[in-house]
Amino acid sequence: MSDTAPTTSERGAAARKRRMTTRTSVVLGEKLAGGIITVGGLMVIVAVLGIMVFLFRVVAPLMAGGSVDGNVRHQLDLPEQVFWVNGDEFQTLGTLVDAGGTALTFHIPTGTEVAREVLDFNGAEVTSVAGTLERDRVAFGFNDGSVRFATVGFTSTATSRNRMPVGLTRIDARDQMLDGFVYTQVGTGDFRTNSAVNELTSVDQISDQPIIAIDYRIGGTVERPTIAFATVDAAGQVRVSQSRVQINMMTGDETVTTTTTELPPLGIGADETITGILMSGTGDRAIVATDAGFIYRYDLRNMDAPSMAERRRVADDGVGVTALTFLTAEDALVVGTDDGGIAVWFRLQTGTSATTDGREMVRARVHAPMPASVIDLSEAQRSKEFVATDAAGNVWVYHSTSDQVLFQLARSGELTADTQAMLFPRSDGVLLVNDSAEFEAWQYTQRHPEVTLKVLFGKIWYEGYGQPEFIWQSTAGTDLSEPKYSLVPLIFGTFKAAFYAMIFAVPIALMAAIYTSEFVDKRVRGTVKPMMEMMESLPTVVLGFIAALVLAPLVEEWIGAVLLGFFALPMGLMIGAFVWQTLPAQTALKYDGFPKFTLMGLSILITAWIAAQLGASLERVLFYGDFKQWTTGRIGTGTPFMFLILLPLSYFVTAWTFRKQFGHHYRDLISGLDRSRAGMVDAVRWIVLLGLAMALSLLVALGLTAIGYDPRGSFIDSYQQRNALVVGFIMAFAVIPNIYTLAEDALNSVPGHLRAASLACGATPWQTARWVILPTAASGVFSAVMMGMGRAVGETMIVVMAAGNTPIMEWNIFSGLRTLSANIAIELPEAVKDGTNYRVLFLAALTLFVMTFIINTGAELIRQRFRKRAFNL
């Protein structure tokens, strides 16, 4: 057989097959690119999930409960009834003082006696006792009517290893002691040296009757301390004494001057017994409790004429007050009753005429009741915690602000009516002792007791406030002020900033997108779009700097011109449009493009210049010459601003009414006119409608004023230089490129045959854009707006520099705000690692993360839906 040569057609088919075969390098490149893209996408997802996991790990301990780490109980040897107990902040040493003046210092973990001293009470019997918040300064009331003061505290120093004394006795695996000193090794290898300080300082004769109740406070300065104490004797007489101590800085000698004032009688019945007394550290009030369920508050602001300010029932009928104490800062009074109830009362400035000082006691919180009668209350030194003991042996630790019971401890030893409990200075344990010197101590861990979901996202009634509110105030000028961790003002500020930014950004960005997509020449569009996109490259810190140092003072100085500009700029655009309409058709067609664009810009600039010139006159005519004074409500009425606010709405109502009533007649009228004349008629129509809208807006504003409505105090209030208006201006500048780019792309993605079909049917370019292009691209346009909102929600530097950083909840456009991101940027560098503020800031970050994730995800889903819809078209 002989081979047959391929025909021409066969050779052509083979060549085409070779051409259709993809080269191996191209296939490998595509697979490599696909793999890289897949891996990159997965890494992005993993990174996002990793961020969320990290944030959750930092935030989770905020909601974790506490744990009891240890519990010890020992019997000590004291000859008489125990009246006072104190413990140091390291839970190493404790001191008990009995009725005979014996001060026994002991090692808390083991109950070992460390030292024993005797305070000379001169044979008098202790009948009452009270101490300062730190519990190291104590006042004893005696059966002879005298009051003696003592120091029952501790000192702590450091001892290096090479200076340790010899002959130490080991107490336990951690501690050693010698001559009343306890040595504890610390992490550096050196030793912390703890010892007790027990001494009797002075005595005052107050009454000839036994002192049955006493309270003790120290104030003033180091050089001139003041000692104030209130007493109740067996005859029911209430007295307040103030001692001023002057210390000679050269010799160290002290001069004590004491004055005692008898307070007006309580006026209680024979069957009513006084159960306790408290005095404020400032000496402006004293509170007496009785077993009839009443508290009596004295007004001591004028010690020459003290008065009974208020008598308030704080318990139900037949229920007596058995214990009371102040919380730190002394604005909150904790009251325990013999039915186990525990409530917190605030002294509020209500302006009532029923009291001498215009204040009254208001019940702010009711805590979980104890199973039996409350016999003792003791407050924490550095927080809003307190420990309560009841007659059944329950020892509960409360946190008042977060309204929760942190620990429910149970007394395992013998219980007596005079059992006392105290919180250790660091609020990490409880020391309890009965009158026979048996003590029990608990050590626990509760890292974030002040935080609950209600504290973070609910209204809390804080001391000094008239009602429950959302408040963020993580730091204050004094340690007595408690931190307030409500995230609601920060979330509100975040949305407020985004809201005002979107008010400015959305109309400008969308109108610009429609204009460049549907009306301008391609050459103009090729210039405008890149310029708009370049705006996004500007650093936000630069924009914030400009807003804070340039724009904010400028707006404050030219506020009248700024307000007028909101109306002047749209009017300038309309004037330019009507001028263009009056041009002959051939001229308009010839110069359509950049000249038209220039005319519009020139018209806007002219009206802006006019607004700047008339700004001062507007402020003088409408706002009585001073806009900032007007916003406070001190001058004028709300009519002028309501007139400006209602003007756009009035114009839309007027235009809609005209179109409904006379629209078809008007169209018939101008359809027979040439372009120039029709443009002039349309301009006259616009001017008439604008005048009618102004009249309507003024009438409505006057009517609202007549019925008592005033916008001031709501979305208009006192003017601050760095406010939401400035933030809205500059943040809109940062957001506009995002919205414009995406919206313009969405409009341009509308299939051309839809646009051509509309124009072929006789629709104008504006009718086509309004009724065909925009509805078709609605999903993409909405996606653009949502992406811009996500950008605004997460903005940081502009808000930090231009918003005033005030975490308040008001829609006032002239007030400041604080957003979640700005709060994190401001406070995180100063937050203590793993502290409450640190973790709450991470919770704020997590909240912001979730918010932006939801917004951006929703926008992306809508965008994907739009792309599918556009593809089908």
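This is a conversation between a trainee and a mentor about helices, strands and loops in a predicted model.

Trainee: Let's start with H7 and H12. How do you know that they are roughly antiparallel?

Mentor: Look at the angle of their axes. Helix H7 (residues 559–581) and helix H12 (residues 675–706) cross at roughly 155 degrees, and the axes come within 8 Å. Angles over 145 degrees count as roughly antiparallel, so H7 is roughly antiparallel to H12.

Trainee: Which residues of H7 and H12 make the contact?

Mentor: On the H7 side they are Met571, Met574, Ile575, Phe578, Trp580 and Gln581. H12 brings Arg675, Ser676, Gly679, Asp682, Ala683, Trp686 and Leu690. By class, the residues of this contact are eight nonpolar, three polar and two charged.

Trainee: And what about H14 and H15: at what angle do they pack, and how far apart are their axes?

Mentor: Helix H14 (residues 752–760) and helix H15 (residues 765–776) pack at about 145 degrees, with 10 Å between the axes. Their crossing is right-handed.

Trainee: What makes up the contact of H14 with H15?

Mentor: Leu754, Arg755, Ser758 and Leu759 of H14 meet Pro765, Thr768, Val772, Ile773 and Thr776 of H15. Sorted by class, that gives five nonpolar residues, three polar and one charged.

Trainee: Now to the strands. Why is E7 described as largely enclosed?

Mentor: A residue is buried when its relative accessible area is under 20%. In strand E7 (residues 137–142), five of the six residues are buried, so the rest of the structure largely encloses the strand.

Trainee: Which strands pair with E7?

Mentor: One is strand E6 (residues 126–131), which pairs with E7 in the antiparallel sense over five bridges; there, Gly131 has Val138 of E7 as its bridge partner. Another is strand E8 (residues 146–159), also antiparallel to E7 and joined to it by five bridges. In that pairing, Gly141 is matched with Val147 of E8.

Trainee: What do the turns of those hairpins look like?

Mentor: Between E6 and E7 there are five residues, and Arg135 in that turn has a positive phi of about 70 degrees. The hairpin of E7 and E8 has three residues between its strands, and Gly145 there takes a positive phi near 85 degrees.

Trainee: Why is a positive phi worth pointing out for Ala329?

Mentor: Most residues other than glycine have a negative phi. Ala329 is not a glycine, yet its phi is positive, about 80 degrees. You will find Ala329 in the loop between strand E21 (321–326) and strand E22 (332–337). Asn805 is another residue other than glycine with a positive phi, near 55 degrees. Asn805 belongs to the loop between helix H17 (797–802) and helix H18 (820–827).

Trainee: Are Ala329 and Asn805 buried or partly exposed?

Mentor: Set each value against the limits: under 20% is buried, over 50% is exposed, and partly exposed lies in between. Ala329 has 28% relative accessibility, so Ala329 counts as partly exposed. Asn805 has 18%, so Asn805 is buried.

Trainee: What makes E1 an edge strand?

Mentor: The open sheet has four strands in the order E1-E31-E30-E29, with antiparallel pairing. E1 and strand E29 (420–423) each have a single partner strand, so one side of each is left without a neighbour in the sheet. On average, neighbouring strands here are turned by 15 degrees against each other, direction ignored. E1 is joined to strand E31 (residues 438–445) by eight bridges, and Ser67 stands opposite Thr445 in E31.

Trainee: Where is Gly70, and how do you know that Gly70 is partly exposed?

Mentor: Gly70 is in strand E1 (residues 67–75). Its relative accessible area is 26%, so Gly70 is partly exposed. Setting aside neighbours within four places in sequence, Gly70 is in contact with Ala441, Trp442 and Gln443. Gly70 and Gly429 are 359 residues apart in sequence, with 9.1 Å from C-alpha to C-alpha.

Trainee: And which strands are the edges of the sheet E2-E3-E4-E5?

Mentor: That open sheet has four strands and antiparallel pairing. Strand E2 (82–87) and strand E5 (113–118) are the edges, each pairing on one side only. E2 is joined by five bridges to strand E3 (residues 93–98), where Val82 stands opposite Asp98.

Methods:
Residues numbered from 1 in each chain as written. Predicted model: local features only at pLDDT ≥ 70, side-chain atom pairs only at ≥ 80, totals over all residues. Heavy atoms only, no water. Axes fitted to C-alpha atoms, helices over the stretch in contact; angles between N-to-C directions. Helix = DSSP H or I, 4+ residues; strand = E, 2+ residues; numbered from the N terminus. Parallel < 35°, antiparallel > 145°, perpendicular 65-115°, else oblique. Contact = heavy atoms within 4.5 Å. Nonpolar A, V, L, I, M, F, W, Y, C, P; charged D, E, K, R; others polar. Left-handed = near helix turned anticlockwise from the far one by under 90°. Buried < 20%, exposed > 50% of the residue type's maximum accessible area, 1.4 Å probe, protein only. Pairing = 2+ DSSP bridges.
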